[in-house]
Amino acid sequence: MSTIQRALTGAAVPGRTREGARPIRPRRVRFDGVSLTRALLWAACLALVLVPLGTILTLAAGGNHLATLLQGDVVEAAINSLVSATLSAAGAVIVGGGLAVLLDRTDLPGRRVLRLFALSPLLVPPFVGAIAWIGIAGPTSPVNLWWRDMFGAPLGTIYGGHGVVFLLVVHSYPIAMLVVSAALRRVPADLEHAARIGGASAVRALGTVTVPLLRPALISSFTLIAVSNLADFGIPSIIGLPERYVTLSTLVYRYIQSGTVDRPLEVVATIGAVLLVIALVALVLDLLASRRRWELDSSASTPQRLPLGRSRPLVAVLAWGFVLTLTLLPLLALLSQSLLPAPGVPLAVENLTLDNVVRAVTAKGTATGATTSVMLAVLAGLVCGVVGLGIGTLVTRTRARDNGLLRAVAILPQAVPGLVIAVAWLVLAPRIGLFNTPWLILCAYITSFVALVVQAVAAPLSATPLTVEEAARASGASRFRALLDVSLRMAVPAALSGTVLVALTAVRELTLSVLLLSPGAQTLGVTIFNLQQAGAYNAASALSLLITLIGLAGLGLAARSSR
Amino acid sequence: MASVSLESVSLRYPSGAMGLADIDLEVGDGEFVALLGPSGSGKTTLLRTVAGFLAPTAGVVRIGPEVVADGKTVAPPESRGLGMVFQQHAVWPHWNVGRNVEYPLRRAGVPRAERSARVAEVLDLVGLDGYARRDPATLSGGQRQRVALARAIVGEPRVLLLDEALSALDEPLRDRLRIELQALTRRMGLTVLHVTHDRDEALALADRVVVLDGGRIQQVATPAELVERPATALVARFVSDATRVVGSRDASGFAADGHPLRLPASGLRGAREHGACEIAILPGDVEIAPTRAESGSAATATVVSSLFGRDGNDVLLDWAGMTVRCHSRTQRPAVGARVDVAVRRAVAYAAER
């Protein structure tokens, strides 16, 4: 009898008689390496997410500062925040969704290159975008100077609420575009073909079949963007404050910096708690709205691109002009500002100078800011990489009842405004002995960015069937060994690119760093922000340009090496 | 209802690959034609050319008297008056069954009252009476495919196109829908073009079968003709799993190259030229018997596999290095057994040059 025959008939195999003789009883609870890993990751989630957010809620509930919230300036700031977040999210979904349909479903010329351009604002920190747009539409921009010479008054500046909304749209539409693009690719081409056969023109098939199926993607990108724009700091402080357009994040910054109210921490925590509640409500509404998700089959046939026909050249010019205005123009403005000695100096060869660049790079603040930022970013990347690798792998590659919850908790901070996370750590700081240290910023970075790695890891892994681990188990590996040898190995490349993403995001971060500022812990973002606030516009531009270029190069390298 | 005609239709993809090469095909009014071929043979390309999703680079496509594509201009799919069922049903998930089915009527501008009457009628026809308000997500795979069929026929299309319409269903259900499909299309007198890779399905349903390979038509014939008189050895192999043997022919008969197989002239049909030729042996023309001691080794083969079938067993033989398929009503030898082989007859084809 061969080994295979024995295995098939169930007869005892020599050398395995011990197990064969004893009936295998299923044990319900086994504490092994997997359980230990799971416990450690839950502890990390507790420390990084649940404790900070819980602290802010309890402090807000205990302090009873709700009356303070009804003061005029808080109400005004809250209204400004809500309005700018909602309007900018709507604008971003319209722009991003429109571009996604145009680039994915029509025969627009040069759409691959245009797509890269359209996504590039993702790589530029929002406050850098704000500085760049001041060069295009600020009071001393070439356009306004020329207009003032012609008509006596400037055409209008970007400062104020409209500018804040505009810049928020510019910096968040790529997210909507990515989400809608992904959803578009999941709509089977057959659905549109069936409509064409039914008598619908190509445009009508797109409008009545494909676009309605994008609704869940449109809703969830709207929520995601609205929540994250609710508490952006860089844009409202650089664009809004000159016109006294105050939002919650700039208000909180003022409270913390200048102590204009009693017990600023408790007031700020109350504002944070209200924002947190708004964010959670939005999240729940989004979940409810997207619960009715359509089950879509995969499709073998490739979608047909909508021929633009005679309007193709016109649409091409408009689309290219629109995207390049939003993406390339600000970078050029940043470049010209960096090379000019002062704002308003005409752009001419004899006026160009590298002084700003030299001054910005050699300033003492720059060096320390760069060192702090790089150190914090690398550490945040490493910690997020390890924790995110663990959580992302565990929730996709094992079967356990708490998987969904663990994943939700780890991803939760992504739906929480950065302002809330900063305030939470600020409240927590004295109790854990981190007050006035850079480590506080590190903690906030980790809380905010661990979700990036979890998602980077979970997305590709959830597509692979669990049979790969079962094959390892069948070959004699224990549960933990299978996790180490198979699941984690599969997850490492995704975790690495997630780590790079975290480090590159953190090195250019402003909202968290500026609120958690402590002596000697000034980050690169704060350095630029301070230069800008101090009126050194051209030096701020030079530094902005440098870190944008370095960031682009870094992401380019990361994308290349991960291929 | 209308006829479909293709006149020397060719389609070259932008990559340079040939999708269709010089296709001539007439589909009569009310005829059920199956397009059969291995994957990559061009059958789906041909169907999508008729549908209007692909434009031929040369040749004329007509639906009824109307030219819909002539190598330069091409009528869009929505103006061709067709019905189509896809492999993955393509029922729109954001509308209920009734809204899905009435869509072609809406596009055609049929008034509301008539629309709902027609939808009810056609849902009844496909066995989904009273399902108009149902959400497609609550239907089974077979029911969704019926919705897709109802949507395809509700507008009284000139031609019904079926793109592997039954292939995604599991076996018993596929069999039942096959029966319903034939009954329905015959009763309505629909012109049908049906793409499939399932040979039994094509033979069972169609008035005529078009066998494609490499973008070219290999044979157009009724199912019986296709089985009895395959036009090429390739068709015989694809349709009936025939064994192809290369050899030469003279007055005495056929002799295989490098193999003991010999056939007398009386056992050969088809081409009569002497010289190099190829024969196709249908599985039913191979006889096997338990080997006898006195039989020479030249006519014994080893059984590679032996599958049971309702109307005979499919036995695969290794006969002196050549793989031969045999369909035996009486014998089901064990795998690895030695059997005596005899070839009753074969079809001869002039060797390809």
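**Reading helices, sheets and contacts**

Mentor: In this predicted model, the axes of helix α18 (residues 364-397) of chain A and α25(A) come within 7 Å and cross at roughly 150°.

Trainee: Why is α18(A) called roughly antiparallel to α25(A)?

Mentor: Angles over 145 degrees count as roughly antiparallel, and the crossing here is at roughly 150°, so α18(A) is placed in that class relative to α25(A).

Trainee: Which residues in α18(A) and α25(A) meet?

Mentor: From α18(A) come G365(A), T366(A), G369(A), A370(A) and S373(A), and they meet L524(A), V526(A) and T527(A) of α25(A). By class, this contact of α18(A) with α25(A) divides into three nonpolar, five polar and no charged residues. Gly counts among the polar residues, so G365(A) and G369(A) are polar members of this contact.

Trainee: What makes α21(A) and α23(A) roughly parallel or roughly antiparallel to each other?

Mentor: Helix α21 (residues 439-461) and helix α23 (residues 479-507) of chain A have axes that come within 8 Å and cross at roughly 150°. That angle is again set against the cut-off of 145 degrees, and α21(A) and α23(A) are therefore roughly antiparallel to each other. The crossing in which α21(A) passes α23(A) is right-handed.

Trainee: What classes of residues does the contact of α21(A) with α23(A) have?

Mentor: The residues that make it include Y445(A), F449(A) and L452(A) of α21(A), and M490(A), G498(A) and T499(A) of α23(A). By class, the contact has 15 nonpolar, four polar and no charged residues. Tyr, Phe, Leu and Met count as nonpolar, so Y445(A), F449(A), L452(A) and M490(A) belong to the nonpolar group.

Trainee: What makes α2(B) roughly parallel or roughly antiparallel to α4(B)?

Mentor: The axes of helix α2 (residues 97-107) and helix α4 (residues 141-153) of chain B come within 7 Å and cross at roughly 30°. Angles under 35 degrees count as roughly parallel, so α2(B) is roughly parallel to α4(B). In passing α4(B), α2(B) makes a right-handed crossing. The contact is made by V97(B), N100(B), V101(B), Y103(B) and P104(B) of α2(B) with V147(B), A150(B) and R151(B) of α4(B).

Trainee: How many nonpolar, polar and charged residues has the contact of α2(B) with α4(B)?

Mentor: There are six nonpolar, one polar and one charged. Arg counts as charged, so the charged residue in the contact is R151(B).

Trainee: Why is one side of each of β16 and β19 of chain B left without a neighbour in the sheet?

Mentor: The open sheet has five strands in the order β16-β20-β17-β18-β19 (chain B), with antiparallel pairing. Because β16 (286-290) and β19 (322-328) stand at the edges and have a single partner strand each, one side of each is left without a neighbour. From one strand to the next, the twist in this sheet averages 45°.

Trainee: How do you know that β18 and β19(B) pair?

Mentor: At least two bridges are needed for two strands to pair, and strand β18 (residues 313-319) of chain B is joined to β19(B) over seven bridges, in the antiparallel sense, so the condition is met. Among the residues involved, L316(B) has R325(B), in β19(B), as its bridge partner.

Trainee: What makes β2 and β5 of chain B edge strands?

Mentor: They belong to an open sheet of four strands, ordered β2-β1-β4-β5 (chain B) with antiparallel pairing, and β2 (18-27) and β5 (66-69) each pair on one side only. The twist from one strand to the next averages 30°. Strand β4 (residues 58-63) of chain B pairs with β5(B) over three bridges in the antiparallel sense, and V61(B) has A69(B), in β5(B), as its bridge partner.

Trainee: Which helix lies across β1, β2 and β4 of chain B?

Mentor: Helix α1 (residues 43-51) of chain B lies across these strands, running at about 65° to β2(B).

Trainee: How many residues does the contact take from chain A and from chain B?

Mentor: The contact takes 21 residues from chain A and 20 from chain B. On the side of chain A, α10 (189-197) and α11 (202-213) each supply at least two residues, and the largest share, seven residues, comes from α10(A).

How values were computed
Residues are numbered from 1 along each chain as its sequence is written. Chains are lettered from A and ligands numbered from 1 in the order in which they are written. This is a predicted model: local features need pLDDT of at least 70, side-chain atom pairs count only at pLDDT 80 or more; totals for chains, interfaces and linings use all residues. Two residues are in contact if their C-beta atoms, placed from the backbone, lie within 7 Å. Axes are lines fitted to C-alpha atoms, for helices over the stretch in contact, and angles run from 0 to 180 degrees between N-to-C directions. Angles under 35 degrees count as roughly parallel, over 145 as roughly antiparallel, 65 to 115 as roughly perpendicular and the rest as oblique. A crossing is left-handed if the near helix is turned anticlockwise from the far one by less than a right angle, and right-handed if clockwise.
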